[in-house]
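Work through these exercises with the model open beside you. Try each task before reading its solution.

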Amino acid sequence: MKLEKKKQNPEIPTASMADIAFLLIVFFMLTTVISATKGIEHQLPQQDKKTTENIEKEDSVYIKVNADNTFTVDKEAPASIDAVGMLHDYLYPKLSNNWKKPIIIYVNPEAKYESMIAVLDVVKQLEKQLQKEKNIPNLTITIPTQAEAETWGYQ
Amino acid sequence: MKLGKTKTIDAYIPTASMADIAFLLIVFFMITTVFQVDKTVLTLPQSQVRSEVVKGSAFIVVTEGGFIKVSDGKEDTHPIDQSDILSFAVDLMSKNAEQPIVLKVDKNVKWHVVDQILDQLEQAHAKNLQFLTDMKVKQEKFE
C-alpha cells in the first residue's frame with residue numbers, strides 16, 4: 001500500500017515579529033531621556049604668564065555679585081538680581097564703542113550660583129547681539145576665583 | 001436570468017506591514033536615545049543663552065547639599081571628595097587637552113563651592129567649560 005505524503009510549503013514564521021519589535025520599542029521608549037543638555041559656554045583663562053596682563057579695575061567693566069541677592073556694576077548703586085536686565089542697558093554703549101573692554105565678574109563666596117548665572121546670561125546675550133550687529137569676536141569675560149581676586153585686589 | 005452567487009470575502013485586518021512600522025519606530029528611538037552619564041535630579045539655574053553640550057563631555061555635578069559627583073564622559077558619575085577634583089581634572093587633561101567639562105550645579109549652591117572647583121580646574125589647565133542651565137522663559141507682563 002502506498003502512503004500519501006502531505007506536501008508542506010516551507011515558511012519562516014513571522015507572526016511573532018511584531019511582538020518582538022514592540023518589545024524593543026517599549027525598551028527604547030523607557031530608556032530615552034529627553035533632557036536639558038544645554039548650557040552657557042565659558043573659556044577658562046590659561047595660566048600663561050607671558051600672555052597674562054594685569055587689568056586695572058578702571059580699564060574694565062567690573063561687576064560684583066553680592067551675597068544679598070544684589071549686584072553692583074562699576075560705581076553704580078547696588079541693584080537687585082531680579083533687575084539684572086538693566087545691566088544690558090549699561091553695558092551696551094560701553095562695549096559697542098570698545099568691545100575689547102574686559103568684563104570682570106567678581107562673585108562673593110556667599111552669593112548664590114544662580115545669581116552669577118543670571119549676570120553671565122545677560123553678558124552673553126549682549127555678546128550675541130554685538131556679534132550680530134558688529135561682527136566682533138567673543139567678549140573678554142573673566143570670572144576670577146577667590147585666590148585670583150585676592151591677588152589682583154578685586155574685592 | 002439568475003445571477004451567479006455573490007463571492008463572500010473574509011474580513012481581516014492587514015498586519016503584514018505591522019513589523020515594518022514597529023522597526024521604523026525602533027530605529028527612531030535608537031537614534032534619539034541618549035544614555036546619560038548623570039541622572040542626578042537638581043534645580044538648575046535658568047538662562048536664555050544656551051548651547052548644546054558636546055557629546056563625551058566630562059561632568060562635575062554639585063547637589064544642593066554640596067555633594068560632588070564626577071564623570072569622565074564615558075562612565076556613570078561617581079562621588080568624589082572636593083580635594084580630589086584636581087587629580088581628576090589633571091587625569092582628564094592628560095588624555096585630551098581640549099576635553100570639555102560640564103558643570104551641573106544646583107542653583108542654590110553657594111559660590112565658594114563652585115569657586116573651589118573652578119580653581120582646581122584652572123590649575124589642571126582645563127579650557128572649555130559649560131555651565132548647565134535650564135531654558136529661561138521670558139515673562140510677559142499682562143497689564
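The exercises below go from one chain to the interface and then to the core; the model is predicted.

**Exercise 1. Overall form of chain B**

Task: Decide whether chain B is a compact globule or more spread out than one.

Solution:
- Start with the elements. Chain B has 3 helices and 8 strands. Their order from the N terminus is α-β-β-β-β-β-α-β-α-β-β.
- Next, compare radii. The radius of gyration of chain B is 26 Å, while the globule rule gives 15 Å for 143 residues, so chain B is more spread out than a compact globule.
- Add the extents. The C-alpha trace of chain B spans about 100 × 55 × 25 Å along its principal axes.
- Finish with burial. Of the 143 residues in chain B, 29% count as buried.

**Exercise 2. Two hairpins in chain B**

Task: Trace the pairing of E4(B) with E3(B) and with E5(B).

Solution:
- Take E3(B) (residues 58–62) and E4(B) (residues 68–71). They pair in the antiparallel sense over 4 bridges. B:Phe59 has B:Ser71 as its bridge partner.
- Look at the turn. This hairpin has 5 residues between its strands, and B:Gly66 there has a positive phi of about 85°.
- Move on to E5(B) (residues 78–79). E4(B) and E5(B) pair in the antiparallel sense over 2 bridges. B:Val70 stands opposite B:His78.
- Check this second hairpin. It has 6 residues between the strands, and B:Gly73 takes a positive phi near 100°.

**Exercise 3. The interface**

Task: Which element gives the largest share of the side of chain B that touches chain A?

Solution:
- Count the contacts. 46 residues of chain B are in contact with 42 residues of chain A.
- List the elements of chain B that give two or more residues to this side: H1 (18–32), E2 (51–52), E6 (101–105), H3 (111–123) and E7 (128–132).
- Pick the leader. H1(B) gives the largest share, 9 residues.
- Sort by class. This side has 24 nonpolar, 13 polar and 9 charged residues.
- Follow a strand across. E1 of chain A (residues 38–43) and E7(B) pair in the antiparallel sense over 5 bridges. A:Glu41 stands opposite B:Gln130.

**Exercise 4. The core**

Task: Which residues have the most contacts inside the largest nonpolar core?

Solution:
- The largest nonpolar core has 53 residues. Those with the most contacts inside it are A:Ile63, A:Met116, A:Val119, B:Ile60, B:Ile101 and B:Leu103.
- Helix H3 of chain A (residues 113–134) gives the largest share of this core, 9 residues.
- Inspect A:Ile63. Not counting residues up to four places away in sequence, A:Ile63 touches A:Phe71, A:Val73, A:Ile103, A:Ile104, A:Ile105 and A:Val119.

Key:
Residues numbered from 1 in each chain as written. Chains lettered and ligands numbered in written order. Predicted model: local features only at pLDDT ≥ 70, side-chain atom pairs only at ≥ 80, totals over all residues. Contact = placed C-beta atoms within 7 Å. Nonpolar A, V, L, I, M, F, W, Y, C, P; charged D, E, K, R; others polar. Pairing = 2+ DSSP bridges. Core = buried A, V, L, I, M, F, W, Y, C linked by C-beta atoms within 7 Å. Buried ≥ 20, exposed ≤ 12 C-beta atoms within 10 Å, placed from the backbone. Rg over C-alpha atoms; globule rule 2.2 N^0.38 Å.
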